Amino acid sequence: MTLREFLSDRLGRIALQLICTGLAALFLLATGTQSGILLVLLLTLLMVFVSVNAFDFFQQRARLLELENILEGLDRKYLFMECVPLPKNLYERHLFDLTRRAGRAMMGAVSDAQAQQREYREYVEQWVHEIKAPITAARLICRELDGDTRRKLTAELAQIEAHVERALFYARAENPEQDCLLRQIDLGKIATQAIENHRSLLIQSGVQVVTEELDCTVYTDEKWAVFILGQLLQNAARYRGTAPVITLSAKPLGKQTQLIVHDNGIGIPVHELPRIFDRGFTGTNGRSRGNSTGMGLYLCKKLAGFLNLGLAAASVEGKGTTVTLTFPAKENLTKL
């Protein structure tokens, strides 16, 4: 609190005090009080007035600084009202009591919301595991069908499975540390698993996948990395051009390793490129081709942030898109 703020807050009170002092001086002057005595009285009142306001200013400023230091020292700032020292006057006691009650009500509401969110997330995870059984059964039934129908149904089942997997990872993305195992793993294994998971979609879309120099190791969580790469493969297949080709290549970058995913698809308009990782953003391509939720790249960015995994995209409309995953050095994993 500055002196200007203090005086601005008390402007009405100060004006009232000055008016009352002026009226008292006029009354004393009218009743015959000598000017010398009146001047002494006015100087005395002025000194008392300045002293009282100065005392209030320094007392309030010290109190506010004390409370600010307490707040800054707390990791969980919502516990501020439980940690403040005892109020020093009646007004402050009542104010702090009301604020504390409001804070406790808010924490209760937040706790209830978190419990409901946790229950919903657990339900989604359970639903995902249960829905996999009929999907697997449908795949087995597809084997008894003729070639063309079998290929079409297999492709649709692959899409359903991809959406189910995305729902599972979205539910787990709120607390990824509970399902994360950071370790050294072969980059080629990650690429092979991601390609295998989406083989039906890639074949149905006529996409050729080329891998180059993936015989290196990275430090990450295998399951999350496979999911991120799988989302990139799905996008490349969905927004493919003629004779679609996806190239996966590795590039050393000091102690880090980059995985470069390049496709020769329809590309992304330059004005939309900064927004592709936003939640729910589908863009021109997503609206024109349909079936886009705008959640795949959003999840990739969110999970990449947790894994300390760099994620960047570049694109030329009509020529293709390049997404670069930068895996962290081993020593940086201790910060996760």
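Here are some exercises with worked solutions on a predicted model.

**Exercise 1. Check the span of helix H3 (residues 35–72) against its number of residues.**

Step 1. Start with the count: helix H3 has 38 residues.

Step 2. The expected span is 1.5 Å times one less than the number of residues, so H3 should span 56 Å.

Step 3. Now look at the model, where the end C-alpha atoms of H3 are 55 Å apart, which agrees with the expected value.

You can try the same check on helix H5 (90–142). With 53 residues, H5 reaches 77 Å from its first C-alpha to its last, close to the expected 78 Å.

**Exercise 2. Find the buried residues of H3 and H5, and say what packs against them.**

Step 1. In H3, the buried residues are Leu38, Asn53, Asp56, Phe57, Arg63 and Leu67.

Step 2. Their cover includes helix H1 (3–9), helix H2 (11–30), helix H4 (80–83) and H5.

Step 3. In H5, the buried residues are Glu92, Phe96, Arg121, Val124, Val128, Ile135 and Cys142. These pack against H3, H4 and helix H6 (147–172).

**Exercise 3. Describe how H2 and H3 are arranged.**

Step 1. Begin with the axes, which come within 11 Å and cross at roughly 165 degrees.

Step 2. Angles over 145 degrees count as roughly antiparallel, so H2 is roughly antiparallel to H3. The crossing is right-handed.

Step 3. Next, locate the contact. H2 contributes Ile14, Gln17, Thr21, Ala25, Leu28 and Leu29, while H3 contributes Leu38, Leu41, Leu42, Leu45, Phe49 and Asn53.

Step 4. Sort these residues by class: 9 are nonpolar, 3 are polar and none are charged.

**Exercise 4. Do the same for helix H7 (residues 187–197) and helix H9 (residues 222–238).**

Step 1. The axes of H7 and H9 are 9 Å apart, and the helices pack at an angle of about 55 degrees.

Step 2. H7 and H9 are therefore oblique to each other, and their crossing is right-handed.

Step 3. On the H7 side you will find Lys189, Ile190, Ala191, Gln193, Ala194, Ile195 and Asn197; they meet Glu222, Ala225, Val226, Leu229, Gly230 and Leu233 in H9.

Step 4. By class, this contact has 8 nonpolar, 3 polar and 2 charged residues.

**Exercise 5. Are alanine 237 and glutamine 234 buried or exposed?**

Step 1. Place them in the structure: alanine 237 is found in H9, and glutamine 234 is in H9 too.

Step 2. Buried means under 20% relative accessible area. Alanine 237 has 0%, so alanine 237 is buried. Glutamine 234, at 1%, also counts as buried.

Step 3. Look at the contacts, leaving aside residues within four places in sequence. Alanine 237 is in contact with Leu201, Leu202, Ser205, Val207 and Ile246. Glutamine 234 touches Ala162, Arg166, His198 and Leu201.

**Exercise 6. What is the sign of phi in glutamate 213 and alanine 243, and where do these residues lie?**

Step 1. Recall the background: most residues other than glycine have a negative phi.

Step 2. Phi of glutamate 213 is near 50 degrees, a positive value. Phi of alanine 243 is also positive, near 50 degrees.

Step 3. Glutamate 213 lies in the loop between strand E2 (208–212) and strand E3 (217–221). Alanine 243 lies in the loop between H9 and strand E4 (245–253).

Step 4. Exposed means over 50% relative accessible area. Glutamate 213 has 63%, so glutamate 213 counts as exposed; alanine 243, at 63%, counts as exposed as well.

Conventions:
Residues are numbered from 1 along each chain as its sequence is written. This is a predicted model: local features need pLDDT of at least 70, side-chain atom pairs count only at pLDDT 80 or more; totals for chains, interfaces and linings use all residues. Side-chain values use heavy atoms; hydrogens and water are left out. Helices (H or I, at least four residues) and strands (E, at least two) are DSSP runs, numbered from the N terminus. Buried means under 20% relative accessible area, exposed over 50%, partly exposed in between (1.4 Å probe, protein chains only). Contact means heavy atoms within 4.5 Å. Axes are lines fitted to C-alpha atoms, for helices over the stretch in contact, and angles run from 0 to 180 degrees between N-to-C directions. Angles under 35 degrees count as roughly parallel, over 145 as roughly antiparallel, 65 to 115 as roughly perpendicular and the rest as oblique. A crossing is left-handed if the near helix is turned anticlockwise from the far one by less than a right angle, and right-handed if clockwise. Ala, Val, Leu, Ile, Met, Phe, Trp, Tyr, Cys and Pro count as nonpolar, Asp, Glu, Lys and Arg as charged, and the others, Gly among them, as polar.
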